[in-house]
Structure formats: structure tokens, C-alpha cells
There are 6 protein chains.
Amino acid sequence: MRLTELVRHSLEEDIGHADVTTESTVPAHKEGRAWITAKESLVVAGQAVATEVFAQVGARYEALCAEGEAVSPGTRIGWASGPLRSLLSGERVALNFLMHLSGVATHTRQVVAVAPGLRVVDTRKTTPLHRALERAAVRTGGAHNHRFALYDGILIKDNHIVAAGGITAAIVAARRMAHHLHKIEVEVESAAQAAEAVSAGADVLLLDNMTDDAMAMVFAAHRGRVLFEASGNITRERLPRLAALGLDLVSMGGLIHQARWVDLSMKIEA
Amino acid sequence: MRLTELVRHSLEEDIGHADVTTESTVPAHKEGRAWITAKESLVVAGQAVATEVFAQVGARYEALCAEGEAVSPGTRIGWASGPLRSLLSGERVALNFLMHLSGVATHTRQVVAVAPGLRVVDTRKTTPLHRALERAAVRTGGAHNHRFALYDGILIKDNHIVAAGGITAAIVAARRMAHHLHKIEVEVESAAQAAEAVSAGADVLLLDNMTDDAMAMVFAAHRGRVLFEASGNITRERLPRLAALGLDLVSMGGLIHQARWVDLSMKIEA
Amino acid sequence: MRLTELVRHSLEEDIGHADVTTESTVPAHKEGRAWITAKESLVVAGQAVATEVFAQVGARYEALCAEGEAVSPGTRIGWASGPLRSLLSGERVALNFLMHLSGVATHTRQVVAVAPGLRVVDTRKTTPLHRALERAAVRTGGAHNHRFALYDGILIKDNHIVAAGGITAAIVAARRMAHHLHKIEVEVESAAQAAEAVSAGADVLLLDNMTDDAMAMVFAAHRGRVLFEASGNITRERLPRLAALGLDLVSMGGLIHQARWVDLSMKIEA
Amino acid sequence: MRLTELVRHSLEEDIGHADVTTESTVPAHKEGRAWITAKESLVVAGQAVATEVFAQVGARYEALCAEGEAVSPGTRIGWASGPLRSLLSGERVALNFLMHLSGVATHTRQVVAVAPGLRVVDTRKTTPLHRALERAAVRTGGAHNHRFALYDGILIKDNHIVAAGGITAAIVAARRMAHHLHKIEVEVESAAQAAEAVSAGADVLLLDNMTDDAMAMVFAAHRGRVLFEASGNITRERLPRLAALGLDLVSMGGLIHQARWVDLSMKIEA
Amino acid sequence: MRLTELVRHSLEEDIGHADVTTESTVPAHKEGRAWITAKESLVVAGQAVATEVFAQVGARYEALCAEGEAVSPGTRIGWASGPLRSLLSGERVALNFLMHLSGVATHTRQVVAVAPGLRVVDTRKTTPLHRALERAAVRTGGAHNHRFALYDGILIKDNHIVAAGGITAAIVAARRMAHHLHKIEVEVESAAQAAEAVSAGADVLLLDNMTDDAMAMVFAAHRGRVLFEASGNITRERLPRLAALGLDLVSMGGLIHQARWVDLSMKIEA
Amino acid sequence: MRLTELVRHSLEEDIGHADVTTESTVPAHKEGRAWITAKESLVVAGQAVATEVFAQVGARYEALCAEGEAVSPGTRIGWASGPLRSLLSGERVALNFLMHLSGVATHTRQVVAVAPGLRVVDTRKTTPLHRALERAAVRTGGAHNHRFALYDGILIKDNHIVAAGGITAAIVAARRMAHHLHKIEVEVESAAQAAEAVSAGADVLLLDNMTDDAMAMVFAAHRGRVLFEASGNITRERLPRLAALGLDLVSMGGLIHQARWVDLSMKIEA
């Protein structure tokens with residue numbers, strides 16, 4: 001779903017046939033301004049969404065700080081102008097996007113700060129229909145993205161291995177059917193699985209729920225032949241040790257789904 | 001957006017033109033089963049969404065515990081059966097909904113547990129396009145709902161008062177324009193505002209960001225004439241004291257936006 | 001359905017792949033003007049729809065009299081300018097909306113004229129997909145609106161009472177489940193039902209198909225405790241007597257569904 | 001817009017996020033039946049729409065009289081069965097379609113009764129998005145249809161003649177550009193225009209707003225060479241005289257837009 | 001499907017969530033130009049589609065030769081300007097439309113060139129969802145159009161005759177039910193069928209898969225009473241002979257479905 | 001666009017408000033059967049689309065030969081049964097898909113037959129909105145697929161190199177931004193470009209418009225380090241020589257856009 005559609009449906013969800021409070025209390029012709037202000041320390045994300053929201057209700061939003069800027073409480077991050085009715089009717093949807101996305105960016109930045117050289121990536125554990133925005137917020141926060149979806153990357157997970165009848169069978173089938181621009185990543189949980197995957201031609205190993213020591217051994221055995229991704233039970237505390245191992249990337253679904261909304265408010269000036 | 005559409009768009013987001021891993025590694029004719037299991041203690045929510053997700057990919061999902069049931073780690077909350085390709089392609093979307101909604105229900109139940117007699121309600125701070133589901137999860141967790149959207153309730157907030165030129169003006173205008181089945185709620189921040197709202201005919205007062213003492217005074221001054229809702233800076237810790245005050249309801253956006261996803265996994269059996 | 005969508009679908013219905021007459025007889029580059037003229041006395045409604053229709057076909061419409069203006073036969077109510085093809089292809093859809101909506105406004109004004117102080121409201125007996133426009137025309141004609149739809153007001157009707165197992169049971173259930181900004185209206189057909197509804201906590205009584213005398217008695221018994229709405233078999237002739245009773249509102253579906261289209265024509269000037 | 005979509009949007013308009021009265025007062029598991037009854041004499045139309053409406057809300061509708069049957073007050077025209085919630089939530093939309101369409105059929109039958117041998121047809125003056133249904137109701141009532149829309153018939157009207165620079169120019173252009181399965185109809189207001197149209201190759205003459213005598217003269221002059229349609233200021237009273245003239249068809253927009261809704265009610269049995 | 005929608009869906013098909021190559025290799029702010037050049041001799045068609053494609057990706061396209069112009073290899077037929085990302089992301093969709101439609105126009109022109117006076121028309125054998133564009137390309141190439149679709153013309157084919165129980169039955173039924181602006185065309189395969197169709201009132205005969213001699217005989221028997229269309233096994237080589245017969249039109253599905261894409265390329269200038 | 005939607009829109013394009021010929025000549029209740037027959041030698045493709053088309057019009061289609069089967073003239077490839085109206089109204093759309101897709105499969109099989117061991121792939125030169133179907137037909141014909149779209153593969157073409165400021169710059173940027181499951185393919189036109197691409201880390205070389213000798217030299221220089229794809233001016237005649245070179249794949253847009261529709265007919269049995 002494109003951004004314009006996502007915003008349109010979101011406004012329909014919140015406004016429906018009419019914003020009955022605003023239409024009955026605010027004259028149609030009154031114009032004004034409104035400021036959106038950070039109520040806590042946060043990393044700003046979602047400014048383009050806010051711009052689209054206010055545009056769709058007939059107002060104009062201008063960002064007062066850049067996407068990715070870290071701001072302190074009280075900072076005005078943007079302002080909107082236009083008919084007061086538009087400002088009031090668009091307020092909640094704009095804030096809901098900004099509070100969620102800035103929450104993701106803020107959380108991500110806190111996480112990646114502990115292991116500066118490590119490539120931390122997100123996963124497909126994203127809020128349905130918000131994936132593109134959440135992934136952008138992850139980049140804004142300083143991490144990177146994994147494949148976008150099931151359609152743009154080959155990742156053979158435990159369930160596929162069961163269904164295909166083994167690691168080698170799965171890799172061979174994927175190589176034959178997939179187009180030639182796909183690398184093949186395989187989820188492994190042991191040194192033996194890793195060895196089978198490498199010898200069957202995997203390009204990337206997903207080391208799932210392994211201890212640091214186990215990962216170190218797999219890495220030593222196959223380094224230079226494949227890429228290594230660590231996944232599962234990855235906490236912020238563990239990142240520095242993982243960085244030291246020399247792995248290529250670490251994936252954390254929690255960049256997105258453990259992030260809490262940050263607090264923003266909007267005040268109008270009539 | 002109706003549930004069928006929300007799920008359809010969510011599957012399109014994740015599957016797109018094809019689940020390339022599954023289509024290349026799993027034969028089209030293979031059938032199987034899969035179990036979804038709780039990896040932590042949680043309150044189950046979202047079973048109907050999971051049913052819809054698997055139905056849309058051509059499989060069948062059956063809940064193994066009721067919506068709202070509190071389960072311990074290791075509990076199987078549902079199982080799916082059908083073509084293995086369908087199970088694998090639907091897994092992530094189904095889990096994304098279940099993990100988010102069960103997270104909301106779990107968090108809500110923890111919150112309301114501390115003040116059993118109090119009517120705790122949600123707000124319009126919801127994830128765009130997920131409001132109906134998140135509100136249902138709030139009910140599942142044991143709290144109640146506020147108005148759904150801007151179209152089904154009159155709530156005159158600070159920004160409306162500024163725009164309308166005062167509390168009395170706003171209430172009079174709302175009474176004249178709105179249909180006769182709407183009560184009129186007004187956000188107030190002081191005893192003086194409360195008094196003006198009551199005398200202008202408000203049906204409900206939203207006591208915003210007031211201290212317990214200030215709320216108690218307003219409540220004493222106008223009890224029996226209007227309903228009272230407390231809002232702003234409401235923490236779980238504060239709920240028992242608020243309950244003791246005798247207010248009619250307390251609203252907490254955090255029931256939804258401070259909830260974290262709970263952990264669920266799916267394993268197939270080929 | 002938003003206005004832009006309603007108009008877009010309406011133009012698709014009438015134009016489809018091409019306006020074959022216009023495309024074959026009128027050169028693409030020719031510009032011109034057209035006037036829309038009242039062929040009878042009427043109250044104008046729908047000017048914003050006409051503006052949208054002509055905009056979507058690539059022309060420009062300007063109202064020559066205000067929404068709600070009462071005009072005599074021969075009055076030009078608006079004019080359109082732009083490519084002649086656009087004017088010709090948009091003509092019918094624009095007129096169909098204007099003739100229907102002006103018909104509703106005209107009829108409504110005739111009805112409410114006989115009882116100036118009475119709050120006359122519409123019902124949900126509206127043409128599917130045209131409700132927002134028809135309700136606006138009702139306001140343009142001088143009457144008011146009831147709730148918009150099933151989602152924004154509690155109205156317990158005879159069928160609900162049967163299904164719920166009685167008036168008291170229905171009211172209690174509604175009070176518990178509905179959000180706190182809803183008033184509860186109950187349809188009653190006798191003094192006994194009215195008494196039960198009031199004592200169970202109804203906020204509004206819908207007096208359905210009752211005689212003037214019966215309504216007067218119910219009104220006397222409960223006045224000051226609830227609002228009173230009269231409904232069913234309400235004719236224009238009966239309105240003055242109902243006004244005299246002191247009821248709060250009278251609902252008439254016929255404002256909309258007994259209104260006939262008024263006559264308008266469009267003539268172009270090449 | 002296909003019927004399923006029209007009904008879906010209509011239900012969304014009336015139900016939206018929830019039928020709050022029904023959901024709070026009627027238990028989800030209760031099943032029941034409901035009868036739709038004529039409250040006046042009418043010709044039934046729209047049974048297939050009612051079937052679709054109830055199907056979309058999860059119930060089942062069965063017609064108890066045929067499309068086009070003339071029934072007396074008190075006749076049950078159909079019944080619905082299923083969850084009570086479905087019956088109550090679908091009631092209004094089903095009735096709105098039935099009351100409008102049966103109104104058109106009833107009015108049409110009254111009109112055509114006065115001139116049995118005459119081919120009376122509708123026009124493009126139809127309610128936007130309801131054209132297919134209204135035209136079917138016209139046939140149900142005993143009249144016929146004109147072209148459906150701008151895309152399926154060539155009808156050169158006064159405005160086209162002005163834009164094209166004359167009758168002959170318009171006909172020649174239409175003949176060259178239009179496909180060979182289109183007849184060409186031309187609106188004329190005088191004997192001279194009629195003569196020009198015929199000699200330029202028109203297949204059909206639309207005699208607009210002409211007196212009976214004027215039409216008779218045109219008919220006499222060109223009979224056998226073209227078809228004749230009378231239009232404009234056609235009243236039911238005038239039809240017998242028009243029938244006597246020998247014209248091929250008479251078009252009346254009023255079959256649809258002067259029809260009033262007939263009265264139907266639905267009662268449930270829990 | 002309107003052009004804007006067709007183009008929007010086409011861009012979604014090719015770009016999806018992101019043009020990953022362009023977004024990673026081309027800076028967002030870089031602007032540039034690009035030329036679209038003919039790589040072979042061809043007749044240009046589809047310029048309006050290219051304009052729409054580039055507009056939807058945020059660039060601007062300007063045609064450098066007119067729709068229908070015959071150009072030699074190396075001719076620049078248009079140029080686009082704007083953000084380089086937009087030019088690169090829109091290139092393939094724009095070219096796919098232009099190469100296909102110019103292919104149809106080029107092929108059509110070659111076909112009709114051999115029989116200048118003959119009215120050659122297309123059929124309903126068109127690429128699904130591309131019919132309006134392909135038919136326009138046919139006109140651009142110098143041929144004409146048959147009816148657009150099943151909804152705007154009566155053409156009784158062999159299968160209808162079987163289903164209706166004979167030619168006469170089918171014609172009588174069509175005349176009664178269809179609106180009066182439809183001519184009735186009937187597919188016939190022999191002189192006997194032609195005679196029956198004419199005497200039952202057909203307006204047009206479709207002479208299907210008949211030899212030149214057989215067509216000549218039918219033509220001689222009924223000329224002046226109906227129109228004649230030849231169809232089936234019509235090759236370019238046969239057209240001059242068919243032209244000589246005096247038939248009204250010849251239909252060739254192959255104008256569209258036997259046309260090959262012509263070769264165009266786009267080169268940018270950074 | 002999913003198949004159900006593509007078919008739905010295609011049926012709307014061809015049927016619109018009604019199939020006027022069929023509705024007026026064929027009784028609604030008549031049932032029958034119809035056979036689809038090959039009129040020339042061809043490879044069958046598109047059976048699933050035909051099934052969907054007939055299902056959407058209320059009939060049932062059953063394939064009589066497998067997808068990919070080579071059949072001779074006169075072979076019945078499928079049959080449909082159900083209401084005659086459904087068979088007649090669905091015929092053209094079903095045939096249009098089958099004739100086009102079978103044309104692609106037939107042409108592809110002829111092409112790949114001359115170089116059995118070579119991996120021949122398609123390109124993004126596909127008919128807008130038909131890409132998934134055309135690519136499936138390519139596989140049915142015995143060739144393979146390239147990336148699906150701009151979103152699922154990195155292919156740096158000449159225009160990207162210009163925009164990025166050189167081959168090395170483009171590859172470095174792509175490696176940094178793209179996710180780790182993408183291989184990076186680079187279009188090169190000379191040995192020098194090839195060397196730069198390989199040394200900058202390309203995974204695949206697209207050898208564009210190079211002579212056999214030039215390709216052989218590039219292949220010799222870098223074999224074993226990257227994959228090689230030949231593209232541009234690839235004719236069927238040239239394929240055996242290309243196969244002998246040892247390249248990994250050869251891409252031919254013409255598999256799809258130079259394929260002509262094959263001839264199929266449908267005959268009903270009433």
C-alpha cells in the first residue's frame with residue numbers, strides 16, 4: 001500500500017463521515033497554526049508522513065527538524081498551518097504516525113549505539129501495512145534492513161527444511177528455481193547443519209539461537225566462504241560480544257516490536 | 001477497512017508476487033500441520049485474525065484456547081492445517097497480528113488488575129488501520145473502550161476551546177449542531193474551567209493532567225450532575241488512588257501504545 | 001464513500017469508455033460555456049457536487065447562487081466553462097445530483113415552513129451511498145439531522161427489544177457496553193413502555209406511531225427527565241399540532257424519500 | 001459498479017465499524033427470522049438486491065413473491081433468517097433498496113397502464129450509481145429502456161448541434177467516427193430540423209417538447225424512413241394521445257425521478 | 001480501467017516497494033534528461049501513455065513527434081526530464097507501452113496501405129485491460145474500430161444462433177429486448193443463412209470465413225438493404241480483392257494480436 | 001494485481017453493464033457445454049486463467065490437456081459447462097488470455113529447442129499487468145525467469161552507471177545500501193567495463209550487445225569469479241553458438257514480445 005493510500009485509509013478510520021466535534025465548534029473559515037512538540041528526548045522519524053496527513057486534510061505541514069535528529073523535551077519538531085478544522089481533524093493521525101515511528105527510531109538508536117561497527121538489521125516482524133515506514137525508521141535510527149518481504153530474498157528457515165526434506169534438498173531446489181540474482185540464506189542451529197548448508201552451496205548462514213561460543217566455532221569453520229547472520233535472543237547487552245565475533249550481521253525484530261511510542265503533543269494558535 | 005481487506009493487504013505486503021523461498025523448496029501438493037505456541041506467559045488475543053489469515057492463503061486455523069485466556073509458556077494456542085506452502089506463507093502475518101494483539105491484551109490485563117472496580121478506557125492513540133483490532137484486544141484484556149473515532153462522539157478538547165473562543169461558546173455550538181444522541185464531553189484543566197463547562201451544559205468532564213487533589217475537588221463540586229473522566233499521566237501505580245476518588249472512568253492511551261509484542265512461534269509438522 | 005469517489009463512480013457509470021456522441025461530433029479543442037437554469041421554483045442544493053463533477057471532467061463550475069437560496073423559474077444557478085466535450089460529458093451527472101438534492105431541499109423547506117419552532121429531523125431512510133449529500137440537503141432545507149448511521153448513536157427499536165428480551169434488559173445491556181458519550185434512545189409505543197424505558201434509564205424516548213393525545217400523556221408523565229422524539233405517520237399537516245405539544249423533535253423519513261426531483265436544464269454557448 | 005460492490009458500500013455507509021445498538025443489546029449467538037411486509041399496494045422490485053444485502057451480513061433472504069408481482073397491503077414479500085444481529089444490521093439497507101425500487105416499479109406500472117400498446121422508455125435521469133437497478137425496475141414495471149449511458153448509443157442533442165455547428169455536420173461526423181452498429185438519433189424541435197436530420201441520414205428523431213400536432217406533421221412527413229421518439233413534458237395524461245399518433249417510443253425520465261418510495265416494514269421473530 | 005489506474009497498477013507491478021537498484025546507486029537530488037529513440041522504422045503510438053507514466057513517477061515527458069507519425073531509425077520520439085531516479089524507475093513501463101502500441105500502429109498501417117478505400121476494423125481480440133489503448137493505436141495506424149465491447153453493440157454470432165434456436169428467433173428476440181439505437185448484426189456462413197437474416201430484419205451481415213465468390217453472391221443478393229462485414233482468414237494479401245467486392249467493412253483481429261513490439265530505447269543524460 | 005482481480009477487471013472491460021446480445025437472445029435458464037479447440041499446432045498455456053474466467057461468470061471450466069502440452073490442430077484443450085449465457089459472455093476473455101499465453105509458450109518452446117542445455121531467461125519487457133502470467137508461460141515453454149521486477153534484484157544498467165558516475169561507484173553504493181541477499185549484476189559493453197565491474201565486486205555480468213568473440217574473451221578473463229548473462233540482439237539462430245561459449249544465461253525479451261497469438265475457437269452445444 002502506497003503512502004498516500006495508507007494515509008487516506010488512516011484518515012477515514014479516524015474521521016469517517018465527519019469530525020463532529022470540530023465541525024460543530026469551529027467555523028469553517030478560521031485559519032491558524034499548530035506546533036508539534038517533543039515531550040521527551042527522542043529521535044524524530046515520520047516527518048514525510050505528517051506532511052502527507054496534513055496535505056490530505058487540506059493543511060500544510062513543515063518539519064522544523066530533520067528526519068533522524070535527536071531532540072530534547074520541548075523541541076518543536078514541526079508546524080502546520082491552514083484551516084483550523086483541518087489542523088484539528090488531522091492532529092491525531094499525524095501524531096499517531098510520528099509517535100510510533102519516532103519511537104522505533106529512538107529505540108533503534110539506543111540499541112545500535114552499544115556496538116557501532118556492527119550491521120544490525122530488522123526482520124519481517126513488523127506491524128501489518130506499516131512495514132515500509134517502520135523499516136525506514138530503523139534506517140533513520142542507524143540500523144539496516146533485511147529483505148523486505150517473502151518476494152525479494154531466499155531465506156530457508158527451519159520450517160522450510162522440514163517441508164523440503166532436509167537442508168541439501170532445500171538448497172538445491174532453491175538454486176534451480178530462483179532467479180540468478182538471489183543469494184541463498186539458510187537458518188542453522190548447529191555446527192553440523194552449518195557444514196551441510198555450506199557444502200550444499202548456501203551463500204549466507206543464519207545462526208539461530210546459538211551461544212556465542214557455538215557461533216564462534218561455525219564462523220571459524222566457514223569464514224570467507226559465506227556471510228554470517230546471528231539471530232534469536234539478541235539483546236542490546238549482548239551486541240558488543242557479537243560485534244567482537246566478526247559476524248556480518250545481527251538481526252533483531254525487537255528494533256521495531258519492542259519500541260514504545262514516544263510522547264508528542266500538538267497545540268494550536270487560533 | 002474491514003478485516004478481510006486488512007488481512008488481504010497485509011498478505012500482499014508480505015507475499016507480493018510470490019513467496020520465492022517456499023515456492024522453490026516446498027512441493028505444491030504437500031499437506032501438513034503447524035502449531036502456534038506461546039513462548040512466554042500471555043493473554044491470547046487475535047484468534048479471529050489468525051483464522052482469516054490462514055483462510056486467505058488456503059489453509060485452516062483452529063484456536064486451541066479462547067480469546068482472553070491467560071496461558072503459560074509452552075501452551076499451544078492454535079493449529080493450522082493445509083498445504084505446507086500455505087502454512088509457510090501465512091505464518092509471519094498471522095504471528096505479527098497475534099503477537100501484537102496478545103501484547104495489548106496482556107498489558108491491559110496487568111494494568112486493570114490493580115484497580116478492579118475502575119472503568120479504564122483506551123483512547124484514539126492507536127496504530128493506524130489497526131484501531132478496531134486494538135480496541136477489541138483492550139476489551140479482551142479487561143478494560144473498556146472510549147468513543148471509536150472523531151465521528152461517533154463529541155469531545156471538546158483544549159484545541160477546540162481555543163478555536164471556538166471559549167468553553168461556553170464551544171458547548172453551545174456543539175449542542176446546536178450535533179445530533180441529540182451525543183453527550184458532550186469537555187476537557188478541563190482547572191476547577192474554574194470545570195465550573196464553566198458544567199454550567200454551560202457539559203455532560204462529561206475530562207479532567208486532564210490534574211492532581212488527585214484537584215480532581216477530588218472538582219468531583220465534589222459537581223458530582224451527580226456530570227460524568228468524570230481522568231486522563232493524562234495515568235500510570236498503573238496511580239490507578240488505585242484514582243479508583244478511590246469515585247471517578248467514572250480513567251483513560252489510558254498506553255494500554256495500546258506502551259504494550260510490547262509477546263513472543264509466539266510456529267512449528268510445522270510435514 | 002467520499003465525494004470524489006462517489007462522483008468518479010457516477011461519471012464512470014454514465015461515460016464509461018467514451019461519450020461516443022460527443023467525441024464524434026465535437027472537436028477536442030473547442031472551448032465554451034454553459035448555464036444551468038431553474039425550470040421551476042426551487043431551493044438550490046448540491047452546488048459543491050456540481051463543482052466536483054465538472055472538475056473531474058476537466059471543466060470549471062461556478063455557482064451563481066448560494067446553497068439554500070430559493071430561486072424562481074428561469075434563474076441561472078451556475079455556469080460551467082472549459083472544453084465543450086467536458087461540458088457535454090459532465091452535464092447529465094451534474095444535473096442528476098442537482099435535481100435530486102435541490103428536490104430534497106425544496107421539499108424540506110416546504111415541510112418545515114408550517115412549524116417554524118419545531119426541530120424536524122431526517123432518518124436513515126436514505127438512498128444508498130447518497131446519505132451524506134441527502135442529509136446536507138435536509139439541513140439546507142432548514143431541518144436537522146438524526147444520527148448518521150448505526151455506528152454513531154444508540155437507538156433501541158422494537159426489533160431490538162424483541163431480540164434483547166425486553167426494554168429494561170436492552171437498556172441495561174446498552175449502558176454497559178456502549179461508550180459513555182452515547183445517549184440511549186428507546187422506541188416506545190405505549191405509556192407503559194415509556195414508563196419502563198424511563199425507569200430503566202433511557203435518555204430519549206422515540207414515540208412511534210402514537211396519537212397526539214397519547215404523546216401528550218407520555219410527555220406530561222416524564223417531561224424534564226428525557227428528550228422526546230415523535231415518529232411514524234408524520235405528515236406536514238400534523239406538524240403544527242406536534243409543535244404545540246412541546247416535543248423535542250419530530251423525525252420524518254419523507255423529507256428525503258418523498259421528495260421529487262426538481263427541473264433544471266443546461267444550455268451551452270459554443 | 002457491480003451489485004456486490006454497491007451493496008458492500010451501502011452496508012459500510014450504514015454500519016461502519018459496528019452497529020452499536022445491536023451489538024450491545026442482542027447476543028451474538030441468537031438466531032431468528034424476520035418478515036418484510038408491504039404497508040400499501042405496490043409492485044415488488046429489488047428482491048435480488050435484498051438477497052445480496054442479507055447474504056453480505058451473514059443471513060439468508062428468500063422472496064415470497066416474484067419480481068413484478070402487484071401486492072396488497074399486508075402481504076409478506078420476503079423473509080430473512082439467520083443471526084438476529086445480521087437481520088437487524090441489514091434491515092435498513094435492504095428496505096431502502098426495496099422501497100425505492102418497488103416505488104419505481106409501482107409508479108411505472110401506473111403510467112404505462114394508460115397506453116398499453118405504447119413503448120415507453122426511461123432516460124439517463126437516474127440516481128447516480130443506481131442506474132442499472134432503476135432501469136431494471138422500469139422493466140419490471142412494464143416499460144422499456146433507452147440506451148444505458150453515453151457509451152452505448154449516439155444521441156445528438158441540442159447542445160451537440162450547437163457545438164458541432166449544425167445538424168448535418170453533427171450527423172456526418174457521427175457517421176464517420178462511430179462504429180457501424182450504432183444508429184444515429186437526433187433531437188429536433190421543429191419540422192425544419194426534422195427534415196434536415198432525415199436528409200442528413202438520421203436513423204431516429206427525438207421530437208423534443210413538441211405539440212401533438214407538430215409531432216403528427218413530422219411523423220407524416222418522414223414515416224417509414226426513421227424511428228420517432230417523443231420526449232419532454234410527457235405526462236401520464238398525455239400518453240393515450242401520443243399512442244394514437246403512431247410514434248415508435250415515448251421517453252419519460254419521470255418514471256424514475258418522480259417515483260416516491262413505497263412503504264415496507266420488517267418485523268423479527270426472536 | 002481508466003488510464004491513470006492502468007498506469008498506476010503497471011508501475012506498482014514493476015516498481016513495488018522500491019526500485020532497489022536506482023535507490024541505492026542514484027542520489028535522490030540528481031536531475032537529468034532522457035531521450036526515447038526509435039531503433040527501427042515505425043509509426044509512433046502511445047505518447048499520452050508515456051506522458052502519464054512519467055508524470056506518475058514525478059517526471060515530465062514531452063513528445064517530439066506526433067501520434068501517428070512514421071519515423072525512421074534513430075529518430076528521437078520524446079524526451080523526459082526530472083529526477084534521475086524518476087526517469088530510471090519509469091523507463092521500462094513507458095517503453096513497454098510505447099513499444100507495444102507503436103507496434104500495433106505500425107502493423108496496422110502496413111496492412112491498410114494495400115487497400116486504401118476499404119474500411120478495415122479491429123475486433124474484441126485484444127489484450128485484457130489494454131483494449132482502449134490498442135483500439136486507439138488501430139485508429140492511429142489508419143484503420144477503424146468495431147464495437148468496443150459486449151455492452152455497446154448487438155452481434156449475433158454462431159454460438160448465439162445455436163443457443164437461441166435459429167437466426168430468426170435470435171433476431172426477433174434482440175429487436176424486442178435491445179434498445180432502439182442498436183443495429184443488429186448477424187454472423188452468417190452461407191447464402192441461405194444470409195437470406196434468413198436479411199428477411200428477419202438484420203441490419204448488418206457478418207460474412208464469416210466465406211470465399212470471395214460466396215461473398216460476392218451474398219452481396220449481390222442483398223446490397224442496399226444491409227451492411228456487409230467480411231471476417232475470418234482475412235490476410236493483408238487478400239484485402240485488395242475484398243476491397244473490389246464493394247463490402248462495407250472488413251474486420252481483422254490480427255491488426256492487434258499479430259503485431260510485434262517495435263524497438264525503442266531510452267538513454268539518459270545526467 | 002492478483003489473478004482474481006485481473007480477471008475481474010478484464011470481464012468488466014468486455015461485459016460492462018451487460019452482454020446485450022446474449023441477454024436478449026439466450027434465455028437465462030438454458031444450460032449447455034462448450035469446447036475450446038486448437039486451430040493450429042501449439043503449446044497450451046493459461047488453463048488456470050480460463051478456469052478463473054469461467055468461474056467468475058458462473059460457469060465451470062475443465063482443462064482437457066495439461067499446461068505445457070504440445071497439441072495438434074483440432075485438439076480440444078478444455079471444455080466449459082453451465083448457463084449458456086455465462087459460456088457466451090466469458091468466451092472472449094478466456095480465449096484472449098489463452099491465445100496470448102499459449103502463443104508465448106509456443107514461441108518459447110520453439111526458441112529453446114535449438115539450444116537444449118542453455119538457460120534462456122525472459123526480461124522485464126512484458127505487457128503491463130500481465131507479467132506474472134507471461135513469465136509463467138515462459139516457464140511453461142521451457143525457458144526460465146529473470147528477476148520479476150525492479151524490487152527483487154539489483155541490475156545496474158548503462159543508465160545507472162551514467163547516473164551514479166561510473167561502474168565502481170555504482171557497485172559500491174549498491175553493496176552498501178542493498179540488503180545482503182541481493183547479488184549485484186552489472187551491464188557491460190566492453191572488456192574494460194567487465195574488468196572494472198569484476199574488480200569492484202560484481203556478482204554477475206550482463207554482456208550487452210557484444211559479439212560472440214568479445215563475449216568469449218570476457219568469459220575467459222573472469223570465469224569462475226562471476227556469472228555471465230548475454231543480452232541484446234539475441235536471435236534463435238544465434239543461440240547454439242552462445243550455448244557453446246559456456247555462458248550461464250541468455251536473456252531474450254522476444255520470448256514474450258515477439259510471440260504472436262495462436263488460434264483457438266470455442267463452440268457451444270446447446
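The tour of this predicted model opens at a helix pair: select helix 4 and helix 5 of chain C, whose crossing is right-handed. The contact draws on C:F97, C:H100, C:L101, C:V104, C:A105, C:T108, C:R109 and C:V112 from helix 4 of chain C. From helix 5 of chain C, the partners to display are C:L133, C:E134, C:A137, C:V138, C:T140 and C:G141. Sorted by class, this contact of helix 4 with helix 5 of chain C contains eight nonpolar, four polar and two charged residues.

Now look at the geometry of the pair. Helix 4 of chain C covers residues 84-112 and helix 5 of chain C covers residues 131-141; their axes come within 7 Å and cross at roughly 40 degrees. Angles from 65 to 115 degrees count as roughly perpendicular and those under 35 as roughly parallel, so helix 4 and helix 5 of chain C are oblique to each other.

**Chain E: helices 4 and 5**

Move next to chain E and select residues 84-112, which form helix 4, together with residues 131-141, which form helix 5. The two helices of chain E pack at an angle of about 40 degrees, and their axes are 7 Å apart. That angle makes helix 4 of chain E oblique to helix 5 of chain E. The crossing of these two helices of chain E is right-handed.

Side chains to show on helix 4 of chain E are E:F97, E:H100, E:L101, E:V104, E:A105, E:T108, E:R109 and E:V112. They meet E:L133, E:E134, E:A137, E:V138, E:T140 and E:G141 in helix 5 of chain E. In this contact of helix 4 with helix 5 of chain E, eight residues are nonpolar, four are polar and two are charged.

**Chain E: a loop residue**

Remain in chain E and select E:R223, located in the loop that runs between helix 9 (212-222) and strand 10 (227-231) of chain E. Is E:R223 buried or exposed? Its relative accessibility is 55%, and exposed means over 50%, so E:R223 counts as exposed. To set a distance from this point, pick E:G166 as well: E:R223 and E:G166 are 57 residues apart along the chain, and their C-alpha atoms are separated by 23 Å.

**Chain B: a loop glycine**

In chain B, select B:G165, in the loop between helix 6 (158-164) and helix 7 (167-177) of chain B. With a relative accessibility of 59%, B:G165 counts as exposed. A line drawn from B:G165 to B:R60 joins C-alpha atoms separated by 57 Å, for two residues 105 apart along the chain.

**Positive phi in chains C and D**

Most residues other than glycine have a negative phi. Two asparagines may be inspected with this in mind.

Select C:N209, where phi is near 55 degrees, a positive value in a residue other than glycine. C:N209 is found in the loop between strand 9 (204-208) and helix 9 (212-222) of chain C. Its relative accessible area is 46%, so C:N209 is partly exposed.

Then select D:N233, which is not a glycine but has a positive phi of about 55 degrees. The loop that holds D:N233 lies between strand 10 (227-231) and helix 10 (239-245) of chain D. At 61% relative accessibility, D:N233 counts as exposed.

**Chain A and its aromatic residues**

Show chain A alone. Its secondary structure comprises 11 helices and 12 strands. The C-alpha trace of chain A spans about 70 × 35 × 25 Å along its principal axes. Chain A has 270 residues, of which 62% count as buried. Where contacts in chain A join residues at least 6 apart in sequence, 69% of them link residues at least 24 apart.

How many aromatic pairs are there over all chains? The count, with ring centres within 6.5 Å, comes to 27. One of these pairs is A:F54 with A:Y61, which is stacked, at 5.7 Å centre to centre and 15 degrees between the planes. A:F54 and A:Y61 are both buried.

Add chain F to the view and select A:F148, A:Y151, F:F148 and F:Y151, which form one aromatic cluster.

**Chain pairs without contact**

The last stop concerns two pairs of chains. Display chain B with chain E: no contact joins them, and their closest C-alpha atoms lie 9 Å apart. Then display chain C with chain F, which do not touch; the nearest C-alpha atoms of these two chains are 9 Å apart.

Definitions and conventions
Residues are numbered from 1 along each chain as its sequence is written. Chains are lettered from A and ligands numbered from 1 in the order in which they are written. This is a predicted model: local features need pLDDT of at least 70, side-chain atom pairs count only at pLDDT 80 or more; totals for chains, interfaces and linings use all residues. Side-chain values use heavy atoms; hydrogens and water are left out. Axes are lines fitted to C-alpha atoms, for helices over the stretch in contact, and angles run from 0 to 180 degrees between N-to-C directions. Helices (H or I, at least four residues) and strands (E, at least two) are DSSP runs, numbered from the N terminus. Angles under 35 degrees count as roughly parallel, over 145 as roughly antiparallel, 65 to 115 as roughly perpendicular and the rest as oblique. A crossing is left-handed if the near helix is turned anticlockwise from the far one by less than a right angle, and right-handed if clockwise. Contact means heavy atoms within 4.5 Å. Ala, Val, Leu, Ile, Met, Phe, Trp, Tyr, Cys and Pro count as nonpolar, Asp, Glu, Lys and Arg as charged, and the others, Gly among them, as polar. Rings of Phe, Tyr and Trp (its six-membered ring) pair if their centres lie within 6.5 Å; planes under 30 degrees apart count as stacked, over 60 as edge-to-face and the rest as tilted. Buried means under 20% relative accessible area, exposed over 50%, partly exposed in between (1.4 Å probe, protein chains only).
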